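Open the model in a viewer and keep the selection panel at hand. The stops below go from the core to the open spaces, then to the backbone.

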Amino acid sequence: MVGMPTAAKSPPELIPPAGPTRGGKLPLSCIDKTVGGFVHLIQVFPPSSLSAAHDDQGPTAAVSAMRSGFARALVPYYPVAGRVAPSGLEVDCTGEGVWFVEAAASCELADVDGLECHPLLIPAELLLPRPPLGEKLDGIILMAQATRFTCGGFVVGISFSHAVFGGQGASRFLTAVGELARGLPAPSVAPVWDRDAIPDPPSPPPPFFTVLTEFRLVTQVADISAESIERVKDEFKQAAGEGCSTFDAVTAVVFKCRALALVGALPDDAKVRVGFAAGTRHLLHGVLPAVDSYYGNCVCLACVATTSRAARESALVELVGAVREAKEAVAAGFADWRRGVYRHDVPLDYSTAFLVDWSRLGFDEVDYGFGLPGYVFPCPHDDQANFFATLLFVRPPAPRRGGIRVLLRCVQEPHASMFAAELDKFA
């Protein structure tokens, strides 16, 4: 390959619902209103992975079926074909549809390392959809782009409104698209809106963004091996007499490694934290009529906190215990939130990192007719990339499945090499 790879994009096209849909306006929930902006994700489908549904017809037929899957899915998911109202408080069910782009890359997936390295060897904006010039982004709910590489592999880029979709909800929508693209008569999980079933708390939450500091954060990638995860789990079970999850083990590892990397940057008695979005679906049984069918946001903030010295010197099993305690506090914290009592005031400074776990959302189980993706990862919001220290858990690329890949933007250059060295102990 010579020069920077490129991708030629077709003009964006609207895919409307395949049948009649309801009109009117639907409210967003009180949880939906606390999040916003777009989430961008990349799904990488390796060459020769066309599923049995389309392998005898070629990639053109597969993309055509994918378009049909979106159109058919927009009938039961009819709010997604609408637009978020200018107020940001509701969705106007206009039935316009979702924007879809086809593109052709100038290279093979292998030429860009299968998109496994970060920063990417092809600009992310070439793989993500954009609406036509003059179309406002504010109200759009979902856009998709299918990019074919010269080797026959595909990359699907998705941008969705976080106010309308929780992560699990977006995954379920894309799963429905894939099911219908492959010829199933209906989605395996019928969606419901039901945002008004979650009552507003008696008082609005305080603003999350108070004082913002810009950092010079470094992009890093670390693979935590299945063997290392099992070792931490075994150590915890021997010490505590009970098991722990992969999330617990990996969060403790990254928390400790970051604290060790920041030695000297923070006083020993400084609080260090990992905040994470904890799922609350299990707490909404009896509130939501159909929890599994709900595709809105169901999360609240949880936080692990200790002193810098304690994070460095504590055994991993102690930090695993701290993570589990933070998770166990979610039920009480969510109940307080619903009563208008807000526990967490997490400072957005260098002592705090925010974690999102993408490894279990299901985006890597979506088959549009290309087979299952070999790798799925989120693209960061460029305008926020240096204001938040972030940790993202994803499943490693297909050949290395079993562990957890951590996409990191949570330390500055002076601390990056020590952070990488500590993480390498768990590779």
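Start with the largest nonpolar core of this predicted model. It has 66 residues, and those that touch the most other members are Phe70, Val80, Leu115, Ile158, Phe165, Phe173 and Tyr368. Then colour the elements that each supply at least two residues of this core: the helices α1 (59-73) and α2 (167-181), together with the strands β4 (38-45), β7 (98-105), β8 (142-148), β9 (154-161), β14 (375-379) and β15 (390-394). In soluble globular proteins, nonpolar side chains tend to be buried together.

Stay in this core and select Phe165, one of the members with the most contacts to others. Which residues is phenylalanine 165 in contact with, leaving aside its neighbours within four places in sequence? They are Val80, Ile141, Leu142, Phe160, Ala170, Phe173, Tyr295 and Asn297. A second, separate core has 61 residues; select Ala222, Leu288, Val330 and Ala389, which are among them.

Next, turn to the second largest pocket, with a volume of about 400 Å³. Select Val84, Ala85, Asp138, Gly139 and Ile140, which lie nearest its centre among the 17 lining residues. The lining of this pocket is mixed: 6 residues are nonpolar, 5 polar and 6 charged.

Val84 also leads to a small piece of sheet. In β6, valine 91 is the bridge partner of valine 84. Show β5 and β6 (residues 90-92) together: the two run antiparallel and are joined by 2 bridges. Add β3 to see the open sheet of 3 strands, with the order β3-β6-β5 and antiparallel pairing. β3 (25-27) and β5 (83-84) are the edge strands, each pairing on one side only.

Now look for enclosed space. How many cavities of 30 Å³ or more are there? The count is 3. The largest cavity holds about 90 Å³ of space. To find it, select Trp358, Asp364, Val376, Val394 and Arg395, the residues nearest its centre out of 13 in the lining. That lining divides into 7 nonpolar, 2 polar and 4 charged residues.

The second largest cavity has a volume of about 50 Å³. Select Phe255, Arg258, Ala259, Leu262, Val272, Arg273, Val274, Ser351 and Ala353 to show its lining. Helix α4 (246-261) and strand β11 (271-279) are the elements that give two or more residues to it. By class, the lining of this second largest cavity has 6 nonpolar residues, 1 polar and 2 charged.

The last stops concern the backbone. Most residues other than glycine have a negative phi, and most peptide bonds are trans. Go to the loop between β7 and β8, where proline 119 is found. The peptide bond that joins histidine 118 and proline 119 is cis, with omega about 0 degrees.

Aspartate 113 is found in the loop between β7 and β8 as well. Its phi is positive, about 55 degrees, although aspartate 113 is not a glycine. Is aspartate 113 buried or exposed? Neither: with a relative accessible area of 43%, aspartate 113 is partly exposed, since buried means under 20% and exposed over 50%.

Finish at aspartate 194, in the loop between α2 and β10 (220-224). Aspartate 194 is a residue other than glycine with a positive phi, near 50 degrees. Its relative accessibility is 23%, so aspartate 194 counts as partly exposed.

Note on methods: Residues are numbered from 1 along each chain as its sequence is written. This is a predicted model: local features need pLDDT of at least 70, side-chain atom pairs count only at pLDDT 80 or more; totals for chains, interfaces and linings use all residues. Side-chain values use heavy atoms; hydrogens and water are left out. A nonpolar core is a set of buried Ala, Val, Leu, Ile, Met, Phe, Trp, Tyr and Cys residues joined through side-chain atoms within 4.5 Å. Buried means under 20% relative accessible area, exposed over 50%, partly exposed in between (1.4 Å probe, protein chains only). Helices (H or I, at least four residues) and strands (E, at least two) are DSSP runs, numbered from the N terminus. Contact means heavy atoms within 4.5 Å. On a 1 Å grid over the protein atoms alone, a cavity is a set of points where a 1.4 Å probe fits but cannot get out, and a pocket is an open set with protein on both sides within 12 Å along at least five of seven lines; lining residues have an atom within 4 Å of a point. Grid points are joined across faces, edges and corners, and a volume is the space filled by probe spheres set on the points. Ala, Val, Leu, Ile, Met, Phe, Trp, Tyr, Cys and Pro count as nonpolar, Asp, Glu, Lys and Arg as charged, and the others, Gly among them, as polar. Two strands pair if DSSP finds at least two bridges between them.
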